[in-house]
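Q: Hi, I have a structure here that I'd like to walk through with you. Could you help me find my way around?

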Amino acid sequence: MEPGPLARFTPPLEEGVISAWLPAHAPAGSWLLDPFGFSSRLVLEAARAGYRVLVTVNNPITRFLLEISAKPPTETDFKAALADLASSKKGEERLGAHLQSLYLTPCEKCGNEIYADAFLWRKGEDAPYARVYTCPHCEDSGEREANPLDIERARKIATTDSLHRSRAFERVVALEDEDRVYAEEAIEYYLPRPLYFLTTVINRVDSLNLMPKRRRALNALILIACDAGNTLWDHPSERRRPKQLNVPNQFREYNLWMQLERAIQRWTETASEVVIESWPEKLPESGGICIYEGRLKDLAEEVKKEIPIKAVIGSLPRPNQAFWTLSALWSGWLWGREAVEPYKPALRRRRYDWAWNATASNAAFTHLFGLLHLGTPFFALLSEPEPSFLTSALTAASAAGFDLQSVALRTQHDPVQLVWTCGEHLKRQPNEAEIEDVREAIHTHLAERGEPASYLHVHAAGLIALARHHALKQKDQEFDEALRSTHSLLQRALEEDPRFVHYSGGESVDTGLWGLSSSSDDLPHRGAPQSRHYESSSDRVEVAVVTFLQKHPNSIFREVEQDLYPRFPGLLTPSQGMIYAVLSSYASKVDGLWKLRPEDLAAARRHELNNIVELVESIGSRMGYSTRKQEKNYLWEQNGELERTFTILASALIGRALAETPYPPQKTVIVIPGGRAALATYKAQRDPSLAARIKEVQVVKYRLLRTLIELPVLTRETFEEQIAGDPLEKSKSQMIMF
Ligand SMILES: [Zn+2]
């Protein structure tokens, strides 16, 4: 499981992003508004940075997550609450012992009765096929076939299931409620054993008479068990972040008692204290969180009169049927029917498409517009980006009068950072969408990048152009129509233009990579005059990282990143994988601090380069060639005829070297240090056009020349064999990351 409570449903977020952005946009102590209340980590970080954050939340579970993270129970309260639960009586037995006994299983090796960590199930079967345990007696550990006793225990508990199932939904909705069927459907995602466990615990909590703070602590633990108890844990785990309610073909049933115990650590690890109040209580100037439980539209009038909002922050919600439905269910289990009531529509909602998302977001943006002053900045994170999510967000915001200022996009695995400002008019006259504007925007991006980009990047480039031109949605269009026509425009812009090349992973336009065709004037091609502008962004990142480390040895990763981001803004933001690949090639890390390797310090490299030049000359002369230096290249010649040309690099800037050399590829040899081979391979894997250009020449490592000079007999044939037998891909000793 990922760290942090309900981490598979809450937006992934990088620490430090919002606290770095805020100071330049709002003075400390001023009021911020988070209209979505979807990411407690974002809100907590802003509050800790000294801001007063007003948050609107209508999901009771998200609200609870925020409250507990801001004002965590002490470890003592967690432990005491769990101990009170464990020691209460169930007949003659203690409840803790009874609940643990549900997970007893005989150890395969030593035969002792032990507690399983989890059972493994196949969809639709009435008993588990395997169990996972670590035996405390003989240390046997891992996945073992289910024992007949496991099967018997699972079947036995199913015989009383209907009773527990009806108890479970009656806490959520009344018997005569028309939403009853939806609650029953949601409860289908619980097997009989976890459902028995959870209803037993929840009913017992009512009669324990705990102090409020311990009750709160226990609820926080039970919430983790509620999530651990459903059938949405695929095995082996691939769908880490479920969006839909559906049962995987194989899934994991966790030992919920263990989950209750482990939940203490999951809460205490992530929490830290921040002032938290409920609206309309006020906050101190030193910062804190004020929760408004309800909808943005109800808040508008009150806020505009009393609170000057200096900036808006938020993680944009994406449709998540699984989390929304389960939130309604869990709210009922933890706090009863009244708590579910305002959130109950989530149970019956059946539309989760992007057009619906855009319509709902647009309503939120429109209410937001009503309570902001002209020019108020809005910093938003869009996590798990995909083209449709981006289109939906940009269209919804633009139609509500927000002006797009910037989009920073790294990879499809990182949250996109968006900044809008509140524009002049809520309803603005839209313009026609022009395919030529989109083409130029995509072309400009690819030329700046100097290497192919993912579809998400070119899609974003086109969208930004449309957003700036106010052409994402026409006046008489519904959102579904607007989204469809934007997508088809973007795809046509790519497909019908000979300047764009699709390095495809499949048929569809949104897979694989898009680049510029080699006949296009903007590609770095052989013999082109050097132009920094068109150098590939990965080559430029390599230069920037090394330059930074030369000036700032012993830097942490974050400092390297912060130096790079202003140089590579927006859609050019380098991936962390790229930065790591450069760092691991040139530098070593000691205690978290990066520093160039001794052999990669400038003086050492110059010395090394001179050695290699001498080797090239000696090897050449042994084979009867004279060596001549011509600009940056070393030429082997015989009777005035060019035989070979050598470009000797200390870097992995092969793309640049190929663009600069005027000689034919079949005569070109690029010599790089062995420590650079993994980085060069990494770049070629990211860039199919570079990979193709590398294939046309010979790339060899310094080491090969050192080996050659040692050979007692060196003929031209041996030379050809040796350089052909030293391909880049052979040197994967260093780590490759994406
Ligand atoms: Zn054992």
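Q: Let's start simple: how many helices and strands does the protein have?
A: There are 29 helices and 26 strands. Keep in mind that this is a predicted model.

Q: And what does the C-alpha trace span along its principal axes?
A: About 100 × 75 × 50 Å.

Q: How much of the protein is buried?
A: Of the 738 residues, 56% are buried.

Q: What about contacts between residues at least 6 apart in sequence, how many of those join residues at least 24 apart?
A: That share is 71%.

Q: OK, sheets next. In what order do the strands of the eight-stranded open sheet run?
A: The order is β11-β12-β2-β1-β13-β14-β16-β15, and the pairing is mixed.

Q: Which strands stand at the edges there?
A: Those are β11 (276–278) and β15 (402–408). Each has a single partner strand, so one side of each has no neighbour in the sheet. From one strand to the next, the twist averages 25°.

Q: Can we zoom in on β2 and β12? How many bridges join them?
A: Six bridges, between residues 52–57 of β2 and residues 288–293 of β12, and the two strands run parallel. If you want a spot to click on, R52 stands opposite G288 in β12.

Q: Which strands does helix α12 lie across?
A: Helix α12, residues 296–306, lies across β1 (31–34), β2, β12 and β13 (309–315). Its direction is at about 145° to β2.

Q: And helix α17, where does that one lie?
A: Helix α17 covers residues 387–399 and lies across β14 (377–382), β15 and β16 (416–422). The angle between α17 and β16 is about 10°.

Q: Switching to helix pairs: at what angle do α6 and α9 pack?
A: At about 60°, with the axes 8 Å apart. Helix α6 is residues 148–158 and helix α9 is residues 192–207.

Q: What do you call that arrangement, and why?
A: The two helices are oblique to each other, because an angle between 35 and 65 degrees falls outside both the roughly parallel and the roughly perpendicular ranges. The crossing of α6 past α9 is left-handed.

Q: Which residues make the contact?
A: From α6 they are R153, A154, I157 and A158, and from α9 they are P192, R193 and Y196.

Q: R193 rings a bell. What joins the side chains of R193 and E253?
A: A polar contact of 2.7 Å. E253 also has a polar contact of 3.0 Å with W121, again between side chains.

Q: Where is E253, anyway?
A: In strand β10, which covers residues 250–254.

Q: Buried or exposed?
A: E253 is buried, because its relative accessibility is 3% and the cut-off for buried is under 20%.

Q: Which residues does E253 touch, not counting those up to four places away in sequence?
A: Y103, D117, A118, F119, W121, L191, R193 and P194.

Q: New topic: how covered is strand β23?
A: Mostly covered: five of the six residues in β23 (633–638) are buried.

Q: How does β22 pair with β23?
A: Strand β22, residues 626–630, pairs with β23 in the antiparallel sense over five bridges. One bridge to look at is Q630 with N633 of β23. The hairpin has two residues between the strands, and E631 there takes a positive phi near 50°.

Q: How many bridges join β23 to β24?
A: Six, and β23 and β24 (641–648) run antiparallel. Here Q638 has E641 in β24 as its bridge partner. This hairpin too has two residues between its strands, and N639 in the turn has a positive phi of about 50°.

Q: Last one, R676. Where is it found?
A: R676 sits in the loop between β25 (668–672) and α26 (677–686). It is buried, with a relative accessible area of 0%.

Q: What does the side chain of R676 reach?
A: The backbone oxygen of S585, at 2.9 Å. The side chains of R676 and Y586 are joined by a polar contact of 3.4 Å.

Q: Which residues is R676 in contact with, leaving aside its neighbours within four places in sequence?
A: S585, Y586, D600, R605, A650, S651 and A652.

How values were computed. Residues numbered from 1 in each chain as written. Predicted model: local features only at pLDDT ≥ 70, side-chain atom pairs only at ≥ 80, totals over all residues. Heavy atoms only, no water. Helix = DSSP H or I, 4+ residues; strand = E, 2+ residues; numbered from the N terminus. Buried < 20%, exposed > 50% of the residue type's maximum accessible area, 1.4 Å probe, protein only. Polar contact = N/O pair within 3.5 Å; in protein donor to acceptor, adjacent residues only side chain to side chain. Contact = heavy atoms within 4.5 Å. Pairing = 2+ DSSP bridges. Axes fitted to C-alpha atoms, helices over the stretch in contact; angles between N-to-C directions. Parallel < 35°, antiparallel > 145°, perpendicular 65-115°, else oblique. Left-handed = near helix turned anticlockwise from the far one by under 90°.
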